[in-house]
Amino acid sequence: MKRREGGLARRARGEGAVPPGRTATPSERTKRRPADRSTDTPRAELSWPDARLVRECVAGNEAAWSALLDKYKNLIFSIPVRRGLPREDASDVFQRVCLLLLAELPHLREPKALPMWLIRVTSHECERWRRQEHPYAARDTTEDAAAEIADERPLAEETLVQLKEEQVVREAVLALPPRCGRLIEMLFFEAPARPYQEIAAQLGLATGSIGFIRGRCLTRLRRELERLGFR
């Protein structure tokens, strides 16, 4: 058990926990290959509810830990980005929150509260970063200096609602067949948008079929969003 938990801890420190703002190295891509979304074989762990994911993580299941990170990594990373942290520092916050999450899982009484726990802890880590990076900021009253410091106020209610809605969309995309989910990501979540020829080449599809498959995947996505209660 200790050896497996050690493996989870290594993943939380960076092996398999690559934040969205950083490109995986070749070795990391090799280690993450079983989770490649370019095939039509879904990962069973991605369909597990949070309660089962947490239980399996506590038992040392590394596949469950990878699935949990896949589910929530964009939620975690989006918060320091919203707070105005540079991407490198946002990546540091991400890794720190992953370690805190790993330590907290055995004590998490209500898995349904995990998204809000992550939002609260990540916001706190952003404030901790601000205090470390700007220890004398409170003494500087100039508007220009204040504008450079990440906002330490609690997230506004509308921001919390937006974060929750964005997370529901991410979960719906993860629930799609891998190739379908990857197509949605490439078409709607990447900037600039990729041409159909490039998407077709990467996914092994005919260029002329992208439009049809796009419509079918959007229908699946809409049904999944409805299942998750998204309005």
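A disulfide is a pair of cysteine sulfur atoms within 2.5 Å. Keep that in mind for the first close-up; the model shown in every view is a predicted one.

**View 1. Cys180 and Cys217 pair up as a disulfide.** The sulfur atoms of Cys180 and Cys217 sit 1.9 Å apart, and this is the 1 disulfide that the structure holds. The link joins distant parts of the chain: Cys180 belongs to helix α9 (residues 178-188), while Cys217 belongs to helix α11 (residues 210-227), and 37 residues separate the two. Cys180 is buried, and so is Cys217.

**View 2. Here are two more cysteines, Cys57 and Cys98.** Buried means under 20% relative accessible area. Cys57 comes in at 3%, so it counts as buried. Cys98 has a relative accessibility of 0%, so that residue is buried too.

**View 3. The largest nonpolar core takes in 33 residues.** Six of its members touch the most other members: Trp65, Leu68, Leu101, Leu105, Leu114 and Leu118. Helices α3, α4, α5 (87-104), α6 and α8 each chip in at least two residues. The top contributor to this core is α4, with 10 residues. Look elsewhere for another core that lies apart from this one: it has 17 residues, including Leu183, Ile199, Ala200 and Ile213.

**View 4. Zooming in on Leu105 and the residues it touches.** Leaving out residues up to four places away in sequence, Leu105 is in contact with Val54, Cys57, Val58, Trp65 and Leu68. Two of these, Trp65 and Leu68, are, like Leu105 itself, among the core members that touch the most others. Cys57, also in this group of contacts, is the residue with 3% relative accessibility from View 2.

**View 5. The second largest pocket holds about 370 Å³ of space.** Its lining is made of 18 residues, and Asp50, Tyr72, Lys112, Pro115 and Glu171 are the closest to the pocket centre. Two or more lining residues come from each of α3 (50-58), α4 (62-82), α6 (114-133) and α8 (157-174). Among the elements, α8 gives the most, with 5 residues.

**View 6. The lining of the second largest pocket, sorted by residue class.** Count up the wall of this pocket and you get 11 nonpolar residues, 6 charged ones and 1 polar one. For orientation, α3, α4, α6 and α8 each supply two or more residues to this lining, and those four helices also each supply at least two residues to the largest nonpolar core.

Notes: Residues are numbered from 1 along each chain as its sequence is written. This is a predicted model: local features need pLDDT of at least 70, side-chain atom pairs count only at pLDDT 80 or more; totals for chains, interfaces and linings use all residues. Side-chain values use heavy atoms; hydrogens and water are left out. On a 1 Å grid over the protein atoms alone, a cavity is a set of points where a 1.4 Å probe fits but cannot get out, and a pocket is an open set with protein on both sides within 12 Å along at least five of seven lines; lining residues have an atom within 4 Å of a point. Grid points are joined across faces, edges and corners, and a volume is the space filled by probe spheres set on the points. Ala, Val, Leu, Ile, Met, Phe, Trp, Tyr, Cys and Pro count as nonpolar, Asp, Glu, Lys and Arg as charged, and the others, Gly among them, as polar. A nonpolar core is a set of buried Ala, Val, Leu, Ile, Met, Phe, Trp, Tyr and Cys residues joined through side-chain atoms within 4.5 Å. Buried means under 20% relative accessible area, exposed over 50%, partly exposed in between (1.4 Å probe, protein chains only). Contact means heavy atoms within 4.5 Å.
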